[in-house]
Amino acid sequence: MVQQRFPSFDGGRSGRRFVITLSAGTVIGFLTACLLFSSAGEISNIFTRIPGSSALIRDPHHYSELEPEVGPDVEVKFHSDNEDFHKGEDKVAQVLAKKVRVLCWIMTGPKNHQSKARHVKATWGKRCNILLFMSSAEDLSLPTVVLPVKEGRDNLWAKTKEAFKYAYEKYKDQVDWFMKADDDTYVVVENLRYMLSSYNPSMPLYFGCRFKPFVKQGYMSGGAGYVVSKEGLRKFVTEGLPDKTKCRADNGGAEDVEMGKCLEKIGVRAMDTRDSHGRGRFFPFVPEHHLIPNHVDKNFWYWKYIYYDTKDGLDCCSDSAISFHYVSPNMMYVLEYLIYHLRPYGINHGLKNPLPEMPSTLTEY
């Protein structure tokens, strides 16, 4: 005879386990929901909703990455830092560095000093004639210039005004051009100098990735970095900043737009930075987003903002490209290797016009 088995009575232990499991699930669900709402809040600060639509577009003036990446926590050294692997290759660049003197100032903040800014210093920043890190806190390892401005997106315009004013007043006799870049922008400084070598810094000029809304002559993307001539910056500091009808006096507004409005009002000319083939040199995104066809939806804000007819794919970018934005700390070193150290065997990149003649008259652009 087969004995029939029934569930035994466990004194309520099963019931208690059920209650505990249910409670734990509820707590975990609540915490997850809080995290999601918090993330949604952060995302809502970075993205803007299209009127009449549920679609989100990235705010073109937002100073942050959606997914911050941590860079190497040890010093990265390339072979040429200690050995002469590429000795003699940069003779032309060295000559040009003495003729086209560029100050680069980096927009950064205390939380980014070690996570981002130090990687700029370790890579492309060292090629600027003068490199400054503009912040609100002291960091002797960079070092930083401590500006009397609070951190935060709402203070970027104020920070930009103070940074350019400081750079001009302290270094106007040592450099010809002044470049602003973010701490997640990568710049090929040699290509910047090559482009600028055809222009006269004694003229009021302004270069970068040119966008068309808000300003009649267009304005330059802050993230891609922009460059102002010595004369252009003189006018900004002495004519623009003191006059609130020309330059916005408070802290608010998008930094790059306000800069564009101000420079237009004081007669600083926005220049075309494309090469002879019509390809861009300054870029507001990482190379992948510009080089891969249809990577970015054609309804994306970039295609509505860009001043010139622009292609994506391999025809997007000049062989003498200058800058890319939203570059992670790790990618800084990848670009450093690919640009300055990798050499395809048997290929010699000749220079058709290694040292352009410097403009000699004040009427030349």
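**Strand 3 and the disulfides of the predicted model**

Isoleucine 106 sits opposite phenylalanine 133, a residue of strand 4. This pair is a handy way into the predicted model, since the strand that carries isoleucine 106 turns up again and again below.

Strand 3 spans residues 102-107 and has neighbours along both edges described here. Five bridges connect strand 3 with strand 4 (residues 130-135), and the two run parallel. Strand 6 (residues 177-182) is also parallel to strand 3, and six bridges join this pair. Within that second pairing, leucine 103 has phenylalanine 178 of strand 6 as its bridge partner. The connection from strand 3 to strand 4 involves helix 3 (residues 113-122), and the three elements together make a right-handed β-α-β unit.

How many of the six residues of strand 3 are buried? Six of the six are, so the strand is largely enclosed by the rest of the structure. In a regular strand, side chains alternate between the two faces of the sheet. Here both faces are covered: one side presents Val102, Cys104 and Ile106, the other Leu103, Trp105 and Met107, and all of these are buried. A comparable account can be given for helix 5 (residues 189-196), where six of the eight residues are buried, so this helix too is largely enclosed by the rest of the structure. The buried residues of helix 5 are Val189, Asn191, Leu192, Arg193, Met195 and Leu196. An arginine and an asparagine are thus listed next to the aliphatic residues.

Turning to the cysteines, the structure holds three disulfides. One of them starts in strand 3: cysteine 104 and cysteine 128 form a disulfide, with their sulfur atoms 2.0 Å apart. Cysteine 104 belongs to strand 3 and cysteine 128 to the loop between helix 3 and strand 4, so the bond ties together parts that are 24 residues apart in sequence. The torsion about this S-S bond is about -90°, so the disulfide is left-handed. Buried or exposed? Cysteine 104 is buried, with a relative accessible area of 1%, and cysteine 128 is buried as well, at 9%.

The next disulfide is formed by cysteine 247 and cysteine 262, whose sulfur atoms lie 1.6 Å apart. This pair links distant parts of the chain, 15 residues apart: cysteine 247 is in the loop between helix 6 (230-240) and helix 7 (255-265), while cysteine 262 is in helix 7 itself. Both cysteine 247 and cysteine 262 are buried.

In the remaining disulfide, cysteine 316 is bonded to cysteine 317, with a sulfur-sulfur distance of 2.1 Å. The link is left-handed, with -80° about the S-S bond, and both cysteine 316 and cysteine 317 are buried. Taken in sequence order, the bonded cysteines of the protein pair as 1-2, 3-4, 5-6. A further cysteine, residue 209, counts as buried at 4% relative accessibility.

These details belong to a protein of 365 residues, 45% of which count as buried. Its fold is built from ten helices and 13 strands. Among contacts between residues at least 6 apart in sequence, 74% join residues at least 24 apart. The accessible surface comes to about 20,100 Å², and carbon and sulfur atoms account for 56% of that area.

Key:
Residues are numbered from 1 along each chain as its sequence is written. This is a predicted model: local features need pLDDT of at least 70, side-chain atom pairs count only at pLDDT 80 or more; totals for chains, interfaces and linings use all residues. Side-chain values use heavy atoms; hydrogens and water are left out. Helices (H or I, at least four residues) and strands (E, at least two) are DSSP runs, numbered from the N terminus. Buried means under 20% relative accessible area, exposed over 50%, partly exposed in between (1.4 Å probe, protein chains only). Contact means heavy atoms within 4.5 Å. Accessible areas come from the Shrake-Rupley method with a 1.4 Å probe; for residues, only the protein chains shown count as cover. Two strands pair if DSSP finds at least two bridges between them. A crossover is right-handed if, with the strands pointing away from the viewer, the path from the first strand over the helix to the second runs clockwise. A disulfide is a pair of cysteine sulfur atoms within 2.5 Å.
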